Amino acid sequence: MNAERPPSPTLVQNAESRHWWKRWWRRLPPARQDRFATLAPLLAVLLFLLAIAVAITYLRLEELDREQEAVTRDVEYAQQRLRLRLLERQEQLMRVAREISDRAIEASEFEFQADALVSQFPELQAISWIDARRNVIAVHASPSAPARMQRLPGSTLTVSETDGSFELARDLSQPVYSRPLAEDGAIPSLIVQVPLTAQGRFAGTVMGEYSIDGLLRFGIPPEVMARYAVALMDDRDRVLAGSLQSPNSVLRLLPWSDQPLEHAVPVSPVGNGLILKAQGYRTSKDIVGTGFFWVVGALSALTVWMLLGTWRHTRRRVQAQQALVAETNFRRAMENSMLTGMRALDMQGRITYVNPAFCSMTGWTEAELVGRTAPFPYWPDEDQELLTARLEDELNGRSTPGGFEVRVKRRDGSIFDARMYVSPLVDPNGQQTGWMTSMTDITEPKRIREELSASYERFTTVLESLDSAVSVAPLGSDEMLFANKMYRLWFGTRGQGHRELVELAGNQPGPVADDGDAVDAFAGMPTDSLTDAGSENAEVFVPELGRWLEVRTRYLTWVDGRLAQMVIASDITVRRNAEEQAARQTERAQTASRLITMGEMASSVAHELNQPLTAISNYCNGMISRVQESRISQEDLLMALDKTARQAQRAGQIIQRIKAFVKRSEPNPSQSDVAVMVSNAIELADIELRRQQVRLTPYVAARLPPLMVDPILIEQVLINLLKNAGEAIIQAGRPTGYRTVELRVAPAREEEQDVVLFSVRDSGKGVPPEMIERIYEAFYSTKSEGMGIGLKLCRSIVESHHGRIRVENLYNGDEVVGCCFSFWIPVNSRLRPEAGETAPEPARPSDTERAR
């Protein structure tokens with residue numbers, strides 16, 4: 001007996017591969033099985049519709065390709081026929097041209113042959129014999145030819161009549177076709193120029209003129225004209241002869257609907273200037289194929305719509321079931337995930353429900369708590385009487401809506417604080433079945449509240465010990481929300497001091513609200529921008545205290561939601577006194593510097609004054625002697641007196657300029673002319689430079705804007721720099737021809753603002769590199785007799801005008817050939833002119849009281 005052969009591994013594998021989808025289907029949940037069962041027929045219908053559309057489209061596009069190939073083939077055939085006809089006419093014209101070149105025919109014979117050609121070939125409208133000078137020797141035109149072709153022998157052709165073909169035939173010495181001539185309102189025509197030669201020279205042309213309409217009518221095969229709309233066009237797509245179908249404006253419902261069947265080729269030998277184009281006539285709209293397609297599409301759409309309706313109905317049922325399950329699970333999950341303990345009691349005080357949070361708080365399980373009556377195991381032993389009374393009140397409906405605090409004992413014996421809220425438990429029928437109690441662990445919030453209270457006490461202690469006055473008040477009200485000890489010491493407990501500080505600082509934001517109105521004056525307005533803004537600082541003088549205070553204000557939202565303003569006032573009287581003393585010291589240093597400068601220039605000033613005084617003396621002595629001798633006329637006397645007066649004015653101007661420069665005055669910024677300041681500085685500095693035999697070369701740009709500066713201080717800076725430049729040249733021992741100082745004043749752009757740049761260049765030995773960083777230090781000088789305050793004052797003056805000063809050496813290769821000191825003053829300065837010419841005394845706080 002033969003044993004049964006086991007199945008081969010290949011058969012087993014094939015059987016498993018055939019049933020894998022069954023196992024996959026069984027593993028799917030019912031909801032997904034329903035979804036796949038509904039979507040599978042829908043997908044099949046869509047695939048069927050897609051297959052029908054692809055098949056119809058493919059067949060129709062193949063048919064269109066065959067029709068397009070037929071159009072292309074017929075158009076190429078028509079183009080060849082037209083080309084052969086043009087070449088035949090060209091050969092006949094060339095034969096006539098050869099006879100003319102060989103002088104075998106005269107004008108009469110030419111007209112006879114032209115008449116024969118025009119009569120035999122209707123598309124040829126006119127034939128002309130043209131000499132080398134464009135003169136018409138002989139011509140014959142068809143009676144139907146347009147007026148422009150009816151030329152007379154002896155007339156001359158213009159360039160526009162031949163469109164340049166005459167010159168091209170002369171240059172190429174071969175037949176040339178012109179572009180189609182289609183003037184407005186004229187019949188389109190085509191010209192061919194056949195050149196004539198006489199003893200190797202150009203002797204003119206035989207010009208043939210074609211009617212483009214005749215070329216289309218007699219050159220295109222009739223069978224092509226019958227099947228297609230044929231037209232001859234130029235290179236600008238203008239129809240010269242024939243007609244084409246107008247574009248179909250009907251909405252295309254299918255991708256192959258109403259596709260134009262056309263083909264265009266250039267006509268040889270004319271070239272791209274003449275194009276033959278044909279369009280196939282559409283005799284049917286393929287109603288059968290289109291109708292079949294839309295019938296199948298409509299049936300498929302109906303099937304899809306019904307399947308979608310069935311799927312939607314099934315889906316709604318599944319969603320309702322899922323929503324019911326989800327709602328149940330959600331409520332259970334919500335109860336289990338609540339951090340608040342929930343406990344339900346029946347009307348007799350028996351526990352009927354506890355959630356996991358309640359069990360987690362107390363440490364007892366749900367089985368141990370449900371069904372228990374008072375006393376409950378989580379009651380502390382020492383609080384049982386109190387909790388029993390509370391339970392009686394709860395069962396009798398006497399619980400407070402705000403809840404109550406109790407102590408709760410955990411299973412391990414530890415105690416924590418909790419707050420309980422009691423509410424009636426009502427069933428769906430509206431009947432009360434018990435009481436629902438929620439319990440929250442407040443141990444941590446209670447600890448935090450106690451810490452906050454202690455922190456508030458510490459914070460209040462710190463504020464009370466501050467040396468600054470701190471106050472907080474609502475906007476538009478005298479009510480004080482907070483005031484520390486220093487505020488109470490200065491202003492008492494009233495809010496008038498807070499308001500006075502705000503008004504002095506200039507930060508009062510709006511009108512004061514009525515004292516009897518408790519509504520905030522800024523109610524309903526957006527206040528986020530106020531509370532987000534930074535603090536504002538001001539320095540004010542309080543006459544009542546006799547102190548200078550630095551007042552800082554800031555808007556904040558108070559604990560009750562009202563917009564409030566906090567004011568911090570610090571006593572800065574000592575600092576203000578120190579600043580005023582430093583300002584006076586700086587002023588005295590500036591005046592001393594000017595006096596020192598004029599002292600150093602004393603000899604030069606004396607020499608400068610000696611010249612006009614000497615001239616005055618000479619004029620006076622001369623007038624005295626001539627008056628005594630009676631040798632002077634009235635005119636000479638007046639002239640001498642005028643010269644004497646001018647010399648006296650010159651001396652007076654020098655003295656006034658020196659007096660204005662050295663006199664002590666307060667800084668007074670004003671709109672100053674740059675050219676005037678530079679001229680005044682040069683007038684004083686040039687005296688010393690000429691004495692030192694140093695040549696000053698000034699350059700001041702035209703139309704410089706005025707600057708808001710103190711002109712005396714800027715002149716002092718310029719004089720110091722010019723004087724230092726001259727001294728640097730003398731110390732360098734430069735020869736007289738190399739002693740030059742250049743002053744340039746021009747507009748510039750520094751630190752993203754418009755400025756006026758002043759630069760002083762000398763030809764000295766420059767500043768040693770190790771001293772550049774220290775030349776602006778007080779009492780540091782590179783000169784043995786210098787005091788070291790000149791450049792320090794220059795830098796202070798420039799920076800007080802919000803400018804900058806810098807120094808750099810000038811190089812010629814590696815050799816230092818000079819130095820350049822430059823400074824700039826901004827055009828749009830933040831300085832403001834004073835009310836009067838003299839600044840108010842610092843000792844009068846009421847006059848200088850203003851915010852910085």
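**Exercise 1. Which residue of β16 stands opposite Ser 471?**

Solution. This is a predicted model, in which local features need pLDDT of at least 70, side-chain atom pairs count only at pLDDT 80 or more, and totals for chains, interfaces and linings use all residues. Residues are numbered from 1 along each chain as its sequence is written, and side-chain values use heavy atoms, with hydrogens and water left out.

Step 1. Locate the strands: β16 covers residues 482-483 and β15 covers residues 469-474. Strands (E, at least two residues) and helices (H or I, at least four) are DSSP runs, numbered from the N terminus.

Step 2. Check the pairing, for which DSSP must find at least two bridges between two strands. β15 and β16 are antiparallel, with 2 bridges.

Step 3. Read off the partner: Ser 471 faces Ala 483 in β16.

**Exercise 2. Is strand β15 enclosed or open, and which strand joins it over 6 bridges?**

Solution. Step 1. Apply the burial cut-offs: buried is under 20% relative accessible area, exposed is over 50%, and partly exposed lies in between (1.4 Å probe, protein chains only).

Step 2. Of the 6 residues of β15, 6 are buried, so the strand is largely enclosed by the rest of the structure.

Step 3. Split the strand by direction: Ala 469, Ser 471 and Ala 473 point one way, while Val 470, Val 472 and Pro 474 point the other way, and all are buried.

Step 4. The strand with 6 bridges to β15 is β19 (residues 563-571), running antiparallel. Within β19, Val 470 has Ile 568 as its bridge partner.

**Exercise 3. Which strands are the edges of the open sheet of 5 strands?**

Solution. Step 1. Write the order, β2-β1-β5-β4-β3, with antiparallel pairing.

Step 2. The edges are β2 (136-141) and β3 (176-177), each of which pairs on one side only.

Step 3. Inside the order, β1 (residues 124-130) and β5 (residues 201-211) pair antiparallel over 6 bridges. Ile 127 has Gly 208 of β5 as its bridge partner.

**Exercise 4. Arg 134 and Glu 752 have a positive phi although neither is a glycine; where is each found, and is each buried or exposed?**

Solution. Step 1. Most residues other than glycine have a negative phi.

Step 2. Arg 134, with phi about 70°, is found in the loop between β1 and β2. Its relative accessible area is 11%, so Arg 134 is buried.

Step 3. Glu 752, with phi about 60°, is in the loop between β23 (740-750) and β24 (753-762). Its relative accessibility is 74%, so Glu 752 is exposed.
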